[in-house]
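Good morning, colleagues. Please take a moment to look at the model on the screen; I shall speak about its charged pairs and then about its metal site.

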Amino acid sequence: MPSSSKEPLYCEVCGARIAGRPYRAIVDGVEMILCASCYLKLTKSGRAVPVRERPRKASVSEKRRRTMRRTLELYDIVEDYYDRIKEAREAKGWTLKVLAEKLKISESLLRKIEAGKLKPPVDLARRMEKILKIKLLEPTELEEEEEENLPPGTLTLGDIVVVRRDEE
Ligand SMILES: [Zn+2]
């Protein structure tokens, strides 16, 4: 009585609908769902390596985390965000209180932001952009994937190239 048999499964090798239980195996380095006959054939010939445990949850959540991170880092707040906000607000003749109300945030939070003590989160910055008709968000360069394994420091991409060259 398999509990997850609502969706029909198809063998990823021969394409046949899997009637019984699906088998998992690594075929040519890729984890696949196989029908019984492909599973037997390929494991016998050594082309497939059986997967006994279920797919690791860690890898799924890790992927999700990475995707989330990438989305969050798509935009960056401009350096002089506080000046732009304050200038735009004053140009409109709005007090801190008025703008805070429009943004649905507290006046003290807005004051901190305008003082440059707090970077607004992306969603708030978007609302500010709309309400104040200013630009606060810049697309970030998507290079952090390369750099995330580096220790925090001041190495630039140029330095890394030089270091690698010296090692050879
Ligand atoms: Zn098959």
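Searching the whole structure yields 7 salt bridges, a salt bridge being a side-chain nitrogen of Lys or Arg within 4 Å of a carboxyl oxygen of Asp or Glu. This is a predicted model, in which local features need pLDDT of at least 70 and side-chain atom pairs count only at pLDDT 80 or more, while totals for chains, interfaces and linings use all residues. Residues are numbered from 1 along each chain as its sequence is written, and side-chain values use heavy atoms, with hydrogens and water left out.

Why can such pairs arise? Side chains of opposite charge can pair when their charged atoms come close.

Allow me to begin with Glu101, which is bridged to Lys97 with the closest N and O atoms 3.9 Å apart. The two residues sit 4 positions apart in helix H4, residues 96–103, and are therefore separated by about one helical turn. Helices here are DSSP runs of H or I with at least four residues, numbered from the N terminus. Glu101 is exposed at 54% relative accessible area, whereas Lys97 is partly exposed at 48%. For these words, buried means under 20% relative accessible area, exposed means over 50%, and partly exposed lies in between, with a 1.4 Å probe and protein chains only.

The second pair is Arg111 with Glu107, where the closest N and O atoms are 3.3 Å apart. Helix H5, residues 107–114, holds both, and their spacing of 4 residues places them about one helical turn from each other. Arg111 is partly exposed at 45%, and Glu107 is partly exposed at 30%.

Next comes Glu129, in a salt bridge with Lys135 whose closest N and O atoms are 3.7 Å apart. Is each partner buried or exposed? Glu129 is buried, at 15% relative accessibility, while Lys135 is exposed, at 52%.

I turn now to the metal. The zinc ion has as protein donors the SG atoms of Cys11, Cys14, Cys35 and Cys38, at 2.2 to 2.4 Å. Donors are N, O and S atoms within 2.8 Å of the metal (3.2 Å for Na, K and Ca); water is not among the atoms, so sites may look incomplete. Along the chain, the donors of the zinc ion follow the spacing C-x2-C-x20-C-x2-C. The angles among its 4 donor atoms run from 105 to 116 degrees, and the site is tetrahedral, a term that for four donors requires all angles to lie between 85 and 135 degrees. Of these donor residues, Cys11 is buried at 3% relative accessibility, whereas Cys14 is partly exposed at 44%.

Conventions: Four donors count as tetrahedral if all angles lie between 85 and 135 degrees; four count as square planar and six as octahedral if opposite donors are over 155 degrees apart and all others between 65 and 115; anything else is irregular.
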